[in-house]
Amino acid sequence: MASSPITDVAIIGCGLSGLCVALVLRSYSIPCTIYEKRSTHRQGGSISLFPNSLRILDSLGVYQTIRAHGFPLSTSIIKDESFQTIRTVQVCDEARYGYPLLRIARDAILDVLVAAARERGVEIYFDHRFVSIVPSADDAPPSEPITLTFTNAAPRSAALVVGADGLRSRVRSVTPSFKSADPQYVGQALIAWSVPYAQLRYPVPLSEVPLGMAMIVRRGMVLFVPDDPSGKSVRVAVQLALTHREFLAWKTLGGQRDKLLDILRNGGEQGEKAADWEWPDLVASAIEIAEKDHDSIPIFLWPYFTIPTMETWVAKTDKAVLLGDAAHVFPPTGAQGAGMAIEDAHGLGMALAEAMTGTTDISLALAQWQSWRRQRVQQVTEFSSQVNKSRVALASSGQDRGKAPAEQGFRDDMDWLYGWRSAEQWSLWKQQQEDKS
Ligand SMILES: Cc1cc2nc3c(=O)[nH]c(=O)nc-3n(C[C@H](O)[C@H](O)[C@H](O)COP(=O)(O)OP(=O)(O)OC[C@H]3O[C@@H](n4cnc5c(N)ncnc54)[C@H](O)[C@@H]3O)c2cc1C
């Protein structure tokens, strides 16, 4: 299909994927604008980033600033309810990959990315809730710009729209060729809050407490991970099986602190605590701190959703493209959702730059980007599912925990995941395709 020059790229969503694609596009002097429905880029919560995505952030000139806000982890200790170590997991070898596993508040990364994007000439419009593309991205004439409409702002035109608008992507739902399906709840949710590390009741002296722990309990898993550079604050995240709700009901529950505390106290939604069950004292102490510090400790709720595998991430006129959570959602166990969003964004920026400079037609550039990214996304999805299975086996293996399957991949050679060099892999992949044809 003949294509128009990329004069302006509209990016819907000021999350990790939207900001990263903007930075890559600006590094090739491609004009782009971000539209965000909320009045701020801040989202709350904390995440783990691994060398594959940190290397990309380094190439964008923002890694050193981001690292200063995070806490590097090399091992994670898996404990049982009585604080016995089940396993020590080497999560990432900084000496080997040049980057650590970085635990970091999501807002700290977003703050750095927003500042860098503005410095490099990206305009960011908040309070711009994207509604539609006129004409639809499936019907737009190739040589003409499309118009984007917003609920609360004037329409804007662009040559191409990038849907970096997350799990419930509107770009996905208004473009028929994406055949959008509603996100599905997968039966598990995470309730998380931060507490001062030293205030928890550990069953051993503080000097013997590891930074970075997962405690396997009868009702699920509880994570204790540092979430500030000093390691003095620890993020407690309780993963529980909660009942299915409609989207708005999840939103309501997320704002009901007392109900979340009830769920935490009871270890689920059964109304009252089962007579034969109680939290290990360490977890109970974390809940008590959240109960006491009502005003200063926010509690976050994240139900886990997935979307069915999509047939395409590129609209048939090449006028709209999806990336990050708008295109695929990962099981939380691999902690690679943000990593894949950053990888997608970097690859898309490189592909669009090639189309911009005329080395590749835009249809070909987008088709190549998609094939390349699909292979990688598939591989990482399989890895995340494997980690999930081994955790379930570990939780249910009772006395035989020591014999439960190891966390595949975390233990073995991880070069394929952490050693990823996006620009080199992209050139190599294209070369291999050329050799095959
Ligand atoms: C509990 C939890 C823990 C996680 N932990 C990790 C982890 O440790 N490591 C990891 O790699 N990943 C983790 N992830 C996954 C990771 O957070 C996501 O994969 C990543 O944030 C996706 O980024 P994104 O930019 O694609 O989407 P988002 O971060 O969802 O950003 C989308 C943006 O688009 C905006 N938007 C939506 N609709 C519109 C509209 N109509 N108009 C304008 N703007 C719109 C939204 O407001 C938002 O700002 C975790 C996820 C969860 C839920």
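Biologist: I have this structure open and would like a starting point. Which residues does L323 touch, leaving aside those up to four places away in sequence?

Modeller: Happy to help! L323 touches S17, V21, V162, A164, W313, A341, D344, A345 and L348, once residues up to four places away in sequence are set aside. Keep in mind that this is a predicted model.

Biologist: How should I read a cluster of nonpolar residues, and which members touch the most others in the largest core here?

Modeller: The general idea is that nonpolar side chains tend to be buried together in soluble globular proteins. In this structure the largest nonpolar core has 88 residues, and V21, V161 and L323 touch the most other members. Helix α10, residues 337–356, supplies the largest share of this core, with 9 residues. There is also a second, separate core of 31 residues, with I216, V217, V238 and V283 among its members.

Biologist: Now the sheet. In what order do the 7 strands of the open sheet run?

Modeller: First the principle: strands of a sheet pair through backbone hydrogen bonds, either parallel or antiparallel. Here the order is β6-β5-β14-β15-β16-β13-β17, and the pairing is mixed. The edges are β6 (85–90) and β17 (300–306); each has a single partner strand, so one side of each is left without a neighbour in the sheet. From one strand to the next, the twist averages 20°.

Biologist: Could we zoom in on one pair? Over how many bridges do β14 and β15 pair?

Modeller: Strand β14 (residues 213–217) and strand β15 (residues 220–226) pair over 5 bridges, in the antiparallel sense. To see one on screen, find I216, whose bridge partner in β15 is M221. I216 also belongs to the second core.

Biologist: And helices? At roughly what angle do the axes of α2 and α10 cross?

Modeller: Two packed helices are described by the angle between their axes and the distance between the axes. For helix α2 (residues 51–59) and α10, the axes come within 9 Å and cross at roughly 40°. That makes α2 oblique to α10. The contact is made by N52, S53, I56 and L57 of α2 with A338, G339, I342, E343 and H346 of α10. The crossing is left-handed.

Biologist: How about α1 and α5: within what distance do their axes come?

Modeller: The axes of helix α1 (residues 16–27) and helix α5 (residues 106–119) come within 10 Å, crossing at roughly 30°. α1 is therefore roughly parallel to α5, because angles under 35 degrees count that way. This crossing is left-handed. On the α1 side, L16, L19, C20, A22 and L23 make the contact, while α5 contributes I109, L110, L113, V114, A116 and A117.

Key:
Residues are numbered from 1 along each chain as its sequence is written. This is a predicted model: local features need pLDDT of at least 70, side-chain atom pairs count only at pLDDT 80 or more; totals for chains, interfaces and linings use all residues. A nonpolar core is a set of buried Ala, Val, Leu, Ile, Met, Phe, Trp, Tyr and Cys residues joined through C-beta atoms within 7 Å. A residue is buried if 20 or more other C-beta atoms lie within 10 Å of its own, exposed if 12 or fewer, and partly exposed in between; C-beta atoms are placed from the backbone. Helices (H or I, at least four residues) and strands (E, at least two) are DSSP runs, numbered from the N terminus. Two residues are in contact if their C-beta atoms, placed from the backbone, lie within 7 Å. Two strands pair if DSSP finds at least two bridges between them. Axes are lines fitted to C-alpha atoms, for helices over the stretch in contact, and angles run from 0 to 180 degrees between N-to-C directions. Angles under 35 degrees count as roughly parallel, over 145 as roughly antiparallel, 65 to 115 as roughly perpendicular and the rest as oblique. A crossing is left-handed if the near helix is turned anticlockwise from the far one by less than a right angle, and right-handed if clockwise.
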